[in-house]
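What follows is a short guided reading for someone meeting this structure for the first time. Please look through the sequence and the model before turning to the text.

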Amino acid sequence: VVAAAALTSVQVPRASAATSGPAAHVERARPATRAVSHRAEGPNISAVAAPSWQTNNTVWALAVAKGMVYVGGSFTSVRPPGDPAGRGQVARSYLAAFSARTGGLLSFQPRIGGPVTALAVSPNGRTLYAGGQFSHVGGTARDNLAAFSTSSGALTSWAPAASGKVLTIAPSPAGSQIYIGG
């Protein structure tokens with residue numbers, strides 16, 4: 001079963017005794033309450049300042065690994081909590097990373113050439129897989145799929161080609177196979 005939801009705000013609360021430990025990894029990244037309505041012409045997004053990081057377009061995917069919350073979508077910038085639209089924006093092309101402990105924006109900035117609609121982390125937590133509709137990451141050719149080291153943020157040599165938009169990624173439990181859907 002694959003579920004999809006559109007978000008434009010990501011709340012990464014500070015860790016506490018109640019949210020630390022292995023079970024907390026799923027709870028740390030959750031959408032903030034925000035006024036969004038979808039109409040035929042697209043989303044109508046409120047410019048009201050929110051207490052969480054906001055993107056300038058839709059968030060399609062979330063993943064958590066090694067104390068980081070990864071956010072993929074159709075956005076090209078994020079803005080800090082409390083800043084109104086148009087102020088404090090930080091460039092992030094379709095993929096951004098936040099500290100799960102502090103909620104702060106991290107320096108991870110892979111410059112993907114199109115929307116990211118799927119994210120997954122390898123079972124050992126060492127690799128972040130990204131899928132979507134893009135042809136490059138930085139200056140390196142990638143056909144809708146890419147993988148990054150969660151330690152360094154570097155693009156890995158994993159480079160399968162997907163001929164269409166990738167909507168879901170699922171590593172096998174052992175991490176020896178990666179399942180792709182689109």
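## A residue at the margin

Ala170 counts as partly exposed, because its relative accessibility of 35% falls between the limits of 20% for buried and 50% for exposed. The model in which this value was computed is a predicted one. Ala170 belongs to strand E15, which covers residues 168-171, and, leaving out residues up to four places away in sequence, Ala170 touches Gln177, Ile178 and Tyr179. A further point of reference is Gly181, which lies eleven residues from Ala170 along the chain, with 8.7 Å between the two C-alpha atoms.

## The chain as a whole

The chain has 182 residues, of which 41% are buried, and its secondary structure consists of 16 strands and zero helices. Its accessible surface is about 9100 Å², and carbon and sulfur atoms account for 52% of that area. When contacts between residues at least 6 apart in sequence are considered, 43% of them join residues that are at least 24 apart.

Some caution is needed in reading the model, since confidence varies along the chain: the average pLDDT is 80, and 73% of the residues score at least 70. Residues 1-6 have a pLDDT below 50, and this stretch has seven contacts in the model beyond near neighbours in sequence. The pLDDT is also below 50 over residues 13-41, a stretch for which the model shows 49 contacts beyond near neighbours in sequence.

## A sheet of three strands

Which strands form the open sheet, and in what order? The order is E10-E11-E14, three strands in all, with antiparallel pairing. Strand E10 (116-121) and strand E14 (145-149) are the edge strands, each of them pairing on one side only, and from one strand to the next the twist averages 20°.

E10 and E11 pair in the antiparallel sense through five bridges, and together these two strands form a hairpin with five residues between them, where Gly125 in the turn has a positive phi of about 75°. On its other pairing, strand E11 (residues 127-132) is joined to E14 by five bridges, again with the strands running antiparallel. The table lists some of the residues that face each other across these pairings.

| Residue | Partner | Strand of the partner |
|---|---|---|
| Val116 | Gly132 | E11 |
| Ala118 | Gly131 | E11 |
| Leu128 | Phe148 | E14 |
| Ala130 | Ala146 | E14 |

Is E11 enclosed or open to the surroundings? Six of the six residues of E11 are buried, so this strand is largely enclosed by the rest of the structure. In a regular strand the side chains alternate between the two faces of the sheet. In E11, Thr127, Tyr129 and Gly131 point one way while Leu128, Ala130 and Gly132 point the other way, and all of them are buried. E10 is mostly covered as well, with six of its six residues buried.

## Thr117 in an edge strand

Thr117 lies in strand E10 and offers a contrast to the residue that opened this report. With a relative accessible area of 10%, Thr117 is buried, because the cut-off for that class is under 20%. Apart from neighbours within four places in sequence, Thr117 is in contact with Trp60, Ala61, Gly131, Gly132, Lys165, Val166 and Leu167. Of these contacts, Leu167 is 50 residues away from Thr117 in sequence, yet the two C-alpha atoms are 5.5 Å apart in space.

## The nonpolar cores

In soluble globular proteins, nonpolar side chains tend to be buried together. In this model the largest nonpolar core has 19 residues, and those that touch the most other members are Tyr70, Leu119, Leu128 and Phe148. The elements giving two or more residues to this core are strand E5 (53-65), strand E6 (68-73), strand E9 (95-99), E10, E11 and E14, a list that includes each strand of the open sheet. Two of the core residues named above, Leu128 and Phe148, are also bridge partners. Apart from this core lies another one, made up of nine residues, including Val71, Phe75, Val78 and Phe98.

Key: Residues numbered from 1 in each chain as written. Heavy atoms only, no water. Pairing = 2+ DSSP bridges. Helix = DSSP H or I, 4+ residues; strand = E, 2+ residues; numbered from the N terminus. Axes fitted to C-alpha atoms, helices over the stretch in contact; angles between N-to-C directions. Core = buried A, V, L, I, M, F, W, Y, C linked by side-chain atoms within 4.5 Å. Buried < 20%, exposed > 50% of the residue type's maximum accessible area, 1.4 Å probe, protein only. Contact = heavy atoms within 4.5 Å. Areas by Shrake-Rupley, 256 points an atom, 1.4 Å probe, with all protein chains shown as cover. pLDDT = per-residue confidence, 0-100.
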